[in-house]
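Please open the model in your viewer and keep the sequence panel beside it, since the tour moves from one selection to the next.

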Amino acid sequence: MNLHIYENDTALARGAAGMVADALRSNPTLKLGLPTGSTPLGLYSQLIHLHHTEALSFAQASFFNLDEYVGLPRNHPQSFNTYMHRYLYNFVDANEERIYIPRGWAEDPAEATQEYATLLAQHQPLDLLVLGIGTNGHIGFCEPGTPWDKICCLVELLPETREANARHFAEESQEVPRLAITMGIAAMRQARQVMLLAMGSDKAEIIRQALQEPQTVDLPASALQFHTNFQVLLDQKAAALLQL
Ligand code: PGA
């Protein structure tokens with residue numbers, strides 16, 4: 001594991017964007033796994049900046065979203081499909097034909113899960129996977145207890161996750177969906193390189209446990225501890241409880 005500790009979230013976003021840009025420049029057909037949430041927003045705006053100022057091109061890359069809610073229309077303001085277009089894809093030269101997002105809007109979520117599993121299996125391994133972490137240790141929507149041998153799964157979101165995401169749904173006065181489709185831990189662990197990003201003191205304790213306590217299925221992010229190319233990018237607050 002390589003630990004990168006930054007003074008603040010702006011520095012972290014720049015550092016993360018530099019790593020993604022390096023990977024993309026050395027392999028323009030990069031297969032990238034990408035998260036949603038508040039954590040990667042700075043990274044995405046830095047990538048857009050690099051696209052405009054340094055002609056960083058995404059044209060030949062493929063994009064695999066980590067997860068998607070089940071039951072929201074594809075273009076719902078809170079769908080992850082909308083999020084990814086709003087914060088990244090609409091502002092870079094990503095090829096829409098190579099943007100893959102689990103079809104949480106499909107009539108049959110089990111079938112959509114199987115379809116995404118098949119797609120991931122065809123494209124494995126991803127070259128670079130970027131992850132955030134939930135305060136309960138989830139990665140993607142793999143909640144505590146999710147088995148580690150799945151490529152893709154249909155999951156029930158835990159109350160704390162639905163509560164944490166409720167702020168985004170307040171405007172639509174709508175409930176957070178109960179189910180989601182997520183890339184599974186097996187697919188995540190197979191990625192050639194993994195970048196885990198965390199910011200803020202809310203994440204400090206779970207980061208300590210995920211990186212420095214024994215691995216357990218109850219803490220999904222701990223699955224990455226022995227990954228051979230594992231880059232952990234933290235701000236000082238998220239790193240505060242680590243024993244260095
Ligand atoms: P956040 O969510 O980036 O909004 O903190 C992370 C996650 O739940 O994976």
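## Starting at helix H3

In this predicted model, begin by selecting the buried residues of H3, which are Phe80, Asn81, Thr82, Tyr83, Met84 and His85. They leave H3 mostly covered, with six of its eight residues buried. If you then display the surroundings, you will find that the buried residues of H3 pack against S2, H2, S3, strand S4 (67-69) and S5.

Within this selection, centre the view on Met84, a residue of helix H3. Is Met84 buried or exposed? Met84 counts as buried, because its relative accessibility is 0%, and the cut-off for that class is under 20% relative accessible area. Leaving aside residues up to four places away in sequence, Met84 touches Leu34, Pro35, Thr36, Tyr44, Asn65 and Tyr89. Add Leu41 to the selection as well: although Leu41 and Met84 are 43 residues apart in sequence, their C-alpha atoms lie 9.9 Å apart in space.

## The contact of H2 with H3

Next, select helix H2 (residues 41-54) together with helix H3 (residues 80-87), whose axes come within 10 Å and cross at roughly 40°. H2 is therefore oblique to H3. To see the side chains involved, show Leu41, Tyr44 and Ile48 on the H2 side, which meet Tyr83, Met84 and Tyr87 on the H3 side. Colouring this contact by residue class gives six nonpolar residues, with no polar and no charged ones. As background for reading the H2 side, an α-helix has 3.6 residues a turn, so residues three or four places apart point the same way.

## Across the sheet

Now hide the side chains and select the strands of the open sheet, seven of them, which follow the order S1-S10-S9-S6-S2-S3-S5 with parallel pairing. At the edges you will find strand S1 (2-6) and strand S5 (99-100), each of which pairs on one side only. Helix H4 (residues 109-123) packs on this sheet, where H4 touches S2, strand S3 (62-65) and S5, and the direction of H4 makes about 140° with that of S3.

Which strands are joined to S6 by bridges? On one side, strand S2 (residues 31-34) runs parallel to S6 and is joined to S6 by two bridges, whereas strand S9 (residues 193-198), also parallel to S6, is joined by four. Select Leu128 in S6 to see both pairings at a single residue: Leu128 is the bridge partner of Leu32, and Leu128 also stands opposite Gln193 in S9. With the side chains of S6 displayed again, Leu128 and Val130 point one way while Leu129 and Leu131 point the other way, and all of these residues are buried.

## Leaving S6 for Thr146

For the last stop, follow the chain to Thr146, which is placed in the loop between strand S6 (128-131) and strand S7 (152-156). Thr146 has a relative accessible area of 9% and is buried. Display Glu143 with Thr146, and look for the backbone oxygen of Glu143, which lies 2.5 Å from a polar atom of the Thr146 side chain. Finally, add the residues that Thr146 touches when those up to four places away in sequence are not counted, namely Cys153, Ile185 and Val217.

Terms used: Residues numbered from 1 in each chain as written. Predicted model: local features only at pLDDT ≥ 70, side-chain atom pairs only at ≥ 80, totals over all residues. Heavy atoms only, no water. Axes fitted to C-alpha atoms, helices over the stretch in contact; angles between N-to-C directions. Parallel < 35°, antiparallel > 145°, perpendicular 65-115°, else oblique. Contact = heavy atoms within 4.5 Å. Nonpolar A, V, L, I, M, F, W, Y, C, P; charged D, E, K, R; others polar. Buried < 20%, exposed > 50% of the residue type's maximum accessible area, 1.4 Å probe, protein only. Polar contact = N/O pair within 3.5 Å; in protein donor to acceptor, adjacent residues only side chain to side chain. Pairing = 2+ DSSP bridges.
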